[in-house]
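Student: I would like to learn how to read a model like this one, feature by feature. Can we go through it together?

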Amino acid sequence: MTHIAATGSQDAGRVDNFRTTLGRWPTGVALVTAPASRPGASPPGMVVGSFTSVSLDPPLVGFLPARSSTTWPRIRAAGVFCVNVLSAGQRPVCEAFVARSPRRWDVPHHWSPSGCPVLSDALAWVDCALHAQTEAGDHWFVTGVVRSLGAGRQGHPLVFLGGRYGTYAPTPVPRGQTLDTVTA
């Protein structure tokens with residue numbers, strides 16, 4: 001078993017071990033968007049693998065942009081954002097935003113109530129007002145108050161695991177059995 005000390009800096013071996021170990025945990029892939037800062041400008045959009053539900057009352061969601069991100073300050077300045085949950089078939093969309101392709105917005109989309117782009121083929125979208133931003137090491141922990149949301153088409157989500165994109169397919173429930181309800 002390898003232990004990592006909680007220090008302010010990590011050597012390359014420890015960082016690689018951290019990535020390798022935590023790379024065994026799958027993360028969903030989402031695109032966070034915001035309104036354009038001025039007419040004719042492209043709306044900001046950034047891919048995250050850290051989107052999560054935070055609270056039911058009030059309804060809060062969160063994600064963790066890198067502190068070095070040049071897109072996050074543009075989204076933060078808008079004061080609103082929309083999280084688009086990507087489907088397995090939207091890997092090219094993900095890659096276009098990661099690569100900052102000039103054609104990244106050549107994908108069908110419409111507008112959320114707050115004016116953020118919503119991808120037409122997203123599995124779900126969550127429209128938010130910025131709630132808080134907290135330092136979290138080399139990232140920010142951002143929370144948003146959910147103002148509107150919707151489920152898109154049915155399908156499997158785009159997942160990132162072990163440094164690769166993939167998908168999740170539920171295991172079928174054997175005939176005659178039901179899933180047990182999990183309670184906390």
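Tutor: We will take confidence, sheets, cores, cysteines and a few local details in turn.

Student: Where do we start?

Tutor: With confidence, since this is a predicted model. The average pLDDT is 89, and 90% of the residues score at least 70.

Student: Over which residues is the pLDDT below 50?

Tutor: Over residues 1–6. Beyond near neighbours in sequence, that stretch makes seven contacts in the model.

Student: Now the sheets. What is the strand order in the open sheet of seven strands?

Tutor: Read the order across the sheet, not along the chain. Here it runs β3-β2-β6-β9-β10-β5-β4, and the pairing is antiparallel. Then look for the ends. The edge strands are β3 (45–48) and β4 (52–55), each pairing on one side only.

Student: By how many degrees are neighbouring strands of this sheet turned against each other on average?

Tutor: By 35 degrees, with direction ignored.

Student: How do I read one pair of strands in detail?

Tutor: Count the bridges, then find the partners. β4 pairs with strand β5 (residues 60–63) in the antiparallel sense, over three bridges. S53 has V61 in β5 as its bridge partner. S55 stands opposite L60, also in β5.

Student: How many residues lie between β4 and β5 in their hairpin?

Tutor: Four residues lie between these two strands. Check that loop for its peptide bonds. P58 sits there, between β4 and β5. The bond from D57 to P58 is cis, with omega near 5 degrees.

Student: And what is the strand order in the open sheet of three strands?

Tutor: The order is β1-β11-β12, with antiparallel pairing. β1 (27–28) and β12 (164–167) are the edge strands, so described because each pairs on one side only. Strand β11 (residues 158–161) pairs with β12 in the antiparallel sense over four bridges. In that pairing, L161 stands opposite R164 of β12.

Student: Which helix packs on this sheet?

Tutor: α3 does, touching β11 and β12. The direction of α3 makes about 150 degrees with that of β12.

Student: What follows α3 along the chain?

Tutor: A loop between α3 (91–98) and β7 (109–111), and R100 is found in it. Look at the backbone angles there. R100 has a positive phi of about 55 degrees, although it is not a glycine.

Student: Let us turn to the interior. How many residues does the largest nonpolar core have?

Tutor: It has 16 residues. To find its centre of contacts, ask which members touch most others inside it. Those with the most contacts are V32, F63, W72, I75 and F81.

Student: Which elements give two or more residues to this core?

Tutor: They are β2 (30–33), β3, β5, α2 (72–78), β6 (80–85), β9 (124–136) and β10 (139–151). β10 gives the largest share, three residues.

Student: Take I75. Which residues does I75 touch?

Tutor: Leave out residues up to four places away in sequence. I75 then touches V32, A34, P44, M46, V80 and F81.

Student: How many residues does the second, separate core have?

Tutor: That core has 11 residues, including V29, L31, V107 and A122.

Student: Now the cysteines. Why is there no bond between C82 and C116?

Tutor: Start with the chemistry. A disulfide is a covalent bond between the sulfur atoms of two cysteines. Then check the distance. The sulfur of C82 is 5.7 Å from its closest cysteine sulfur, in C116, so the two are too far apart for a bond. The cut-off for a disulfide is 2.5 Å. A search of the whole structure finds zero disulfides.

Student: Are C82 and C116 buried or exposed?

Tutor: C82 is buried, with a relative accessible area of 0%. C116 also counts as buried, at 0% relative accessibility.

Student: One last residue. In which strand is H139 found?

Tutor: In strand β10. H139 counts as partly exposed because its relative accessibility is 26%.

Student: Which residues does H139 touch?

Tutor: Not counting residues up to four places away in sequence, H139 touches L64, P65, A66, R67 and T134. Compare sequence with space for one of them. H139 and A66 are 73 residues apart in sequence, but 4.2 Å apart in space, C-alpha to C-alpha.

Definitions and conventions:
Residues numbered from 1 in each chain as written. Predicted model: local features only at pLDDT ≥ 70, side-chain atom pairs only at ≥ 80, totals over all residues. Heavy atoms only, no water. Axes fitted to C-alpha atoms, helices over the stretch in contact; angles between N-to-C directions. pLDDT = per-residue confidence, 0-100. Contact = heavy atoms within 4.5 Å. Buried < 20%, exposed > 50% of the residue type's maximum accessible area, 1.4 Å probe, protein only. Core = buried A, V, L, I, M, F, W, Y, C linked by side-chain atoms within 4.5 Å.
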